[in-house]
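Please work through the following exercises with the sequence and the coordinates open beside you. Each exercise gives a task and then a solution in steps.

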Amino acid sequence: MKHDKVTIKIPRPLYNKVHQLIDGSGFNSPTDFIVYVLRDVISESGREEHEKFSPEELVALKQKLRNLGYLD
């Protein structure tokens, strides 16, 4: 089965931060890391609506977004 891919544009400074973040991490490229993070976030979105994030989960999610440059 052939997997189609698309191009997603992100700001260059964010790309550069991701590139620095993954240095020595085992990820082969920023794309591999971004796909990993998106899959993780999407798997979390499968939660039931009545489920709430615990305070620890909120801290972890905010840290992920901060590391990606989405939060200051």
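The exercises below concern a predicted model, and they move from the whole chain to single contacts.

**Exercise 1. Determine which secondary-structure elements the chain has, and how confidence is distributed over them.**

Step 1. Counting the elements gives three helices and zero strands, and reading from the N terminus on yields the order α-α-α.

Step 2. For the chain as a whole, the mean pLDDT is 83, and 85% of the residues reach 70 or more.

Step 3. Going down to the elements, confidence is highest in helix H1 (residues 12-22), with a mean of 93, and lowest in H3, where the mean is 85.

**Exercise 2. Find how much of the chain is buried, and what share of the accessible surface belongs to carbon and sulfur atoms.**

Step 1. The chain has 72 residues, and buried residues make up 10% of them.

Step 2. The accessible surface of the chain comes to about 6,600 Å², and carbon and sulfur atoms account for 55% of that area.

Step 3. A nonpolar patch on this surface, of about 270 Å², is made by Leu65, Tyr70 and Leu71. Of these residues, Tyr70 is placed in the segment after H3, and since its relative accessible area is 54%, above the 50% cut-off, Tyr70 counts as exposed.

**Exercise 3. Identify the buried residues of H1 and work out how they are arranged around the helix axis.**

Step 1. The buried residues in H1 are Leu14, Val18 and Ile22.

Step 2. These residues cover an arc of only 65 degrees around the axis, so they lie on the same side of H1.

Step 3. Turning to the face of H1 that points away from its buried side, one finds the exposed residues Arg12, Pro13 and Gln20.

Step 4. Just after H1, Gly24 takes a positive phi of about 80 degrees.

Step 5. Val18 also serves as a reference point for a residue of another helix: Pro30, which lies in helix H2, is 12 residues from Val18 along the chain, and the C-alpha atoms of the two are separated by 5.9 Å. Pro30 counts as buried because its relative accessibility is 5%, under the 20% cut-off.

**Exercise 4. Describe the aromatic pairs: how many are there, and which residues do they link into a cluster?**

Step 1. The structure holds two aromatic pairs. One of them is formed by Phe27 and Phe33, with 5.1 Å from centre to centre and 85 degrees between the planes, and this geometry is edge-to-face.

Step 2. The two partners fall into separate accessibility classes: Phe27, at 29% relative accessibility, counts as partly exposed, whereas Phe33, at 12%, counts as buried.

Step 3. Taken together, the ring pairs link Phe27, Phe33 and Tyr36 into a cluster.

**Exercise 5. Locate the salt bridge and explain which parts of the chain it ties together.**

Step 1. Side chains of opposite charge can pair when their charged atoms come close. The structure holds one salt bridge, in which Lys64 is paired with Asp40 and the closest N and O atoms are 2.2 Å apart.

Step 2. Lys64 belongs to helix H3 (residues 55-67) and Asp40 to helix H2 (residues 30-44), so the pair ties together parts that are 24 residues apart in sequence.

Step 3. As to accessibility, Lys64 has a relative accessible area of 37% and is partly exposed, and Asp40, at 24% relative accessibility, counts as partly exposed.

**Exercise 6. For Val37 and Val41, find the accessibility class and a C-alpha separation to a residue further along the chain.**

Step 1. Val37 lies in helix H2, and a relative accessible area of 14% makes Val37 buried. Val37 and Leu65 are 28 residues apart in sequence, and the distance in space, C-alpha to C-alpha, is 9.9 Å.

Step 2. Val41 lies in helix H2 and is partly exposed, with a relative accessible area of 38%. The C-alpha atoms of Val41 and Leu61 are separated by 8.7 Å, while the two residues are 20 residues apart along the chain.

Step 3. Leu65 thus links this exercise to the second one, where Leu65 appeared in the nonpolar surface patch with Tyr70 and Leu71.

Technical notes. Residues are numbered from 1 along each chain as its sequence is written. Side-chain values use heavy atoms; hydrogens and water are left out. Helices (H or I, at least four residues) and strands (E, at least two) are DSSP runs, numbered from the N terminus. Buried means under 20% relative accessible area, exposed over 50%, partly exposed in between (1.4 Å probe, protein chains only). Accessible areas come from the Shrake-Rupley method with a 1.4 Å probe; for residues, only the protein chains shown count as cover. Rings of Phe, Tyr and Trp (its six-membered ring) pair if their centres lie within 6.5 Å; planes under 30 degrees apart count as stacked, over 60 as edge-to-face and the rest as tilted. A salt bridge is a side-chain nitrogen of Lys or Arg within 4 Å of a carboxyl oxygen of Asp or Glu. pLDDT is the predictor's confidence in each residue, from 0 to 100. Patches are made of residues with over 30% relative accessible area and no salt bridge: like charges are joined within 9 Å, nonpolar side chains (Val, Leu, Ile, Met, Phe, Trp, Tyr) within 5 Å. The arc is that of the directions from the helix axis to the C-beta atoms.
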